[in-house]
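This note is written for a colleague who is meeting the structure for the first time. Please read the numbered points with the sequence and the structure at hand.

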Amino acid sequence: GNVGEVSWSAYGVVEIDTTPPSVSGIDAWSDGEDMHYAKAGDVITVSLATSEMVLGEVEVSLEVVDMSAPDHDAESICSLLGLVSCGSGDDSICAAHCPEGSDRGCRDGVCTRVMTVSAVPVLSPAEATCAMVGMVLCSVVDGTPLCSWDGSECSGAIAEFVQTFEYLVESDVQFQGASQVRISSLVDRAGNSGEDVLGATGVSIDVVEPVVDTVVVSSSGADWRFASAGDVITVTVSSSEPVYVPSVFLRHFEWEGCAFGCDHALELPGRDLDEGDHVATSFSFSYVVDDSSFEGYVDAVVSDVVDRAHNSMVEYEVVSASRLTIDKTPPTVGSVIVYSSNLLDESLATVGDVIAVEIEMDSYSSMPLVELLYYDGDDCESGCAFAVDEVHSVGNEVESVADVGLLFAERYEATYTVTEMSPEGYMEVRVSWYEDQSGNVGEVSWSAYGVVEIDTTPP
């Protein structure tokens, strides 16, 4: 009838655990220039926290969607039924939506293959600190790692068991794009299996160098190939993918000091140059030509093209296929030769004679107004002018891009046939109303003295 004393074990000997482990947090980053982008050679780190200690190695893999090689045959068959193709090869099926877990997904109406690579487990600095004394990491609080022998000392309410995995990005053009991380094989010490987790990493993989698609330089002048004072030169750059603001120059060539080209840097208008996050696929730079601007042939040059993953353009620089000319100098008349068809004296002209004027320009210019200027004691004491009969170009001509039918030449010839109504006296030649291809208006030019005398009065 003796009643025994109550006896119990001093410490818990069996733990009942019916809760499967779960992923309580995922963090990922790249060690590249931008933590959100990774190029070949960069390392993507995935840090995950679980609700409790798990056995063995957690399987962590990165996934991207391969947009390069859809199964067109399967998709064509499915599209006839108004469905999409899921799976690949003989395992492909037609469905309204690809089922969860299928190795193919649909994006923008195209079914694509999901590509996967495995991440390698590594010890983080906090994990290494605990491992040095044979313990495991529970969590990190205010920068201090909390360690446990087997995880039992970690408070289940707040503990997070952290593991770190890394993936070295390779030069695989098939495996790039926005990445996701898949976490599986979550088994705790009691044998409870946790569900697989798929989440975005926030890191995009880009292993392809950017390419400059177009570089166009043009002028706001009447002809885009020429610019004078007041015109705006625009350089438009487009790239194969979003890039940071590239370096853009106007490379000008002059005989004096810049025969091999001198570079003038352009800035992107309306942008703070201290901002490094300006990314786009197209940029427009401008330069206003003024009286102090350089002159000569001008190319647009683009360099330092870098995408968001900090892949650099393969070429050192790209030069525009088009070229323009900056010309601020008004055109001038180089020489004027005047003579008459009179058989006795080419400096005299009477009725029926033809006065010819040969004009040499210093550059390509539009057709000028050619006039004969004379003086007399009546109403023309200050000089009277009348236009010649005809003006035409001689030799090579260049057509204007902006004004159809407008031609530019370096040589012109004008003629005037003397009639009984022609004024008499010494005639000067005046050349005016002409411009060069840049739109610079030429100065008025005339012979200093009469070069031909018209005499229609018989002796």
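Is Glu317 buried, partly exposed or exposed? The first point takes up this residue, and the later points turn to other features.

1. The model is a predicted one. Glu317 has a relative accessible area of 26%, which places it between the limits of 20% for buried and 50% for exposed, so Glu317 is partly exposed. Its salt-bridge partner is Arg251, and the closest N and O atoms of the two lie 2.9 Å apart. Glu317 belongs to strand E22 and Arg251 to strand E18 (residues 247-254), so this pair ties together parts that are 66 residues apart in sequence. Arg251, with a relative accessible area of 16%, is buried.

2. The overall composition may be stated next. The protein contains two helices and 34 strands. Of its 459 residues, 38% are buried. Among the contacts with a separation of 6 or more, 66% are between residues 24 or more positions apart. The exposed area of the protein is about 25,500 Å², of which carbon and sulfur atoms supply 52%.

3. Other salt bridges deserve attention. Eight are found in the whole structure. One of them joins Arg430 to Glu371, with 3.0 Å between the closest N and O atoms. Arg430 is in strand E32 and Glu371 in strand E27, so the pair ties together parts that are 59 residues apart in sequence. Arg430 is partly exposed, its relative accessible area being 24%, whereas Glu371 counts as buried at 12% relative accessibility. Arg251, Asp263 and Glu317 are joined into one network by salt bridges that share partners. A further salt bridge links Lys39 and Asp42, whose closest N and O atoms are 3.4 Å apart; Asp42 has 7% relative accessibility and counts as buried.

4. The disulfide is the next item. The search of the whole structure finds one, between Cys130 and Cys147, with an S to S distance of 1.9 Å. Cys130 lies in helix H2 (residues 125-131) and Cys147 in strand E11 (residues 144-148), so that the pair links distant parts of the chain, 17 residues apart. The torsion about the S-S bond is about -75°, and the disulfide is therefore left-handed. The two ends are unlike in exposure: Cys130 is buried at 0% relative accessibility, while Cys147 is partly exposed at 27%.

5. Aromatic rings form another set of pairs. The count of aromatic pairs is four. In one of them, the ring centres of Tyr374 and Phe386 are 6.0 Å apart and the planes stand at 55°, so the pair is tilted. Tyr374 is part of strand E27 (residues 369-374) and Phe386 of strand E28 (residues 384-387), so the pair ties together parts that are twelve residues apart in sequence. Both Tyr374 and Phe386 are buried. Ring pairs also bring in Tyr416, which forms a cluster with Tyr374 and Phe386.

6. Two strand residues illustrate contacts across the sequence. Val117, in strand E8 (residues 110-118), touches Ser61, Leu62, Tyr167 and Phe175 when residues up to four places away in sequence are not counted. Its C-alpha atom is 9.9 Å from that of Val169, 52 residues apart along the chain. Thr281, in strand E20 (residues 279-288), counts as partly exposed at 38% relative accessibility. Leaving aside neighbours within four places in sequence, the contacts of Thr281 are Val237, Ser238, Ser239, Glu241 and Pro242. The C-alpha atoms of Thr281 and Val237 are separated by 8.1 Å, although the residues are 44 apart along the chain.

7. Two loop residues should be checked for their backbone angles. Asp304 has a phi near 55°, a positive value in a residue other than glycine. Asp304 sits in the loop between strand E21 (296-303) and strand E22 (317-319) and counts as exposed at 52% relative accessibility. Trp433 likewise has a positive phi, near 55°. The loop that holds Trp433 runs between strand E32 (425-432) and strand E33 (445-446), and Trp433 counts as exposed at 70% relative accessibility.

8. The last point concerns the surface. Val13, Val14 and Ile16 make a nonpolar surface patch of about 390 Å². Ile16 is placed in the segment before strand E1 (23-30) and, with a relative accessible area of 77%, is exposed.

How values were computed
Residues are numbered from 1 along each chain as its sequence is written. This is a predicted model: local features need pLDDT of at least 70, side-chain atom pairs count only at pLDDT 80 or more; totals for chains, interfaces and linings use all residues. Side-chain values use heavy atoms; hydrogens and water are left out. Patches are made of residues with over 30% relative accessible area and no salt bridge: like charges are joined within 9 Å, nonpolar side chains (Val, Leu, Ile, Met, Phe, Trp, Tyr) within 5 Å. Accessible areas come from the Shrake-Rupley method with a 1.4 Å probe; for residues, only the protein chains shown count as cover. A salt bridge is a side-chain nitrogen of Lys or Arg within 4 Å of a carboxyl oxygen of Asp or Glu. Helices (H or I, at least four residues) and strands (E, at least two) are DSSP runs, numbered from the N terminus. Buried means under 20% relative accessible area, exposed over 50%, partly exposed in between (1.4 Å probe, protein chains only). Rings of Phe, Tyr and Trp (its six-membered ring) pair if their centres lie within 6.5 Å; planes under 30 degrees apart count as stacked, over 60 as edge-to-face and the rest as tilted. A disulfide is a pair of cysteine sulfur atoms within 2.5 Å. Contact means heavy atoms within 4.5 Å.
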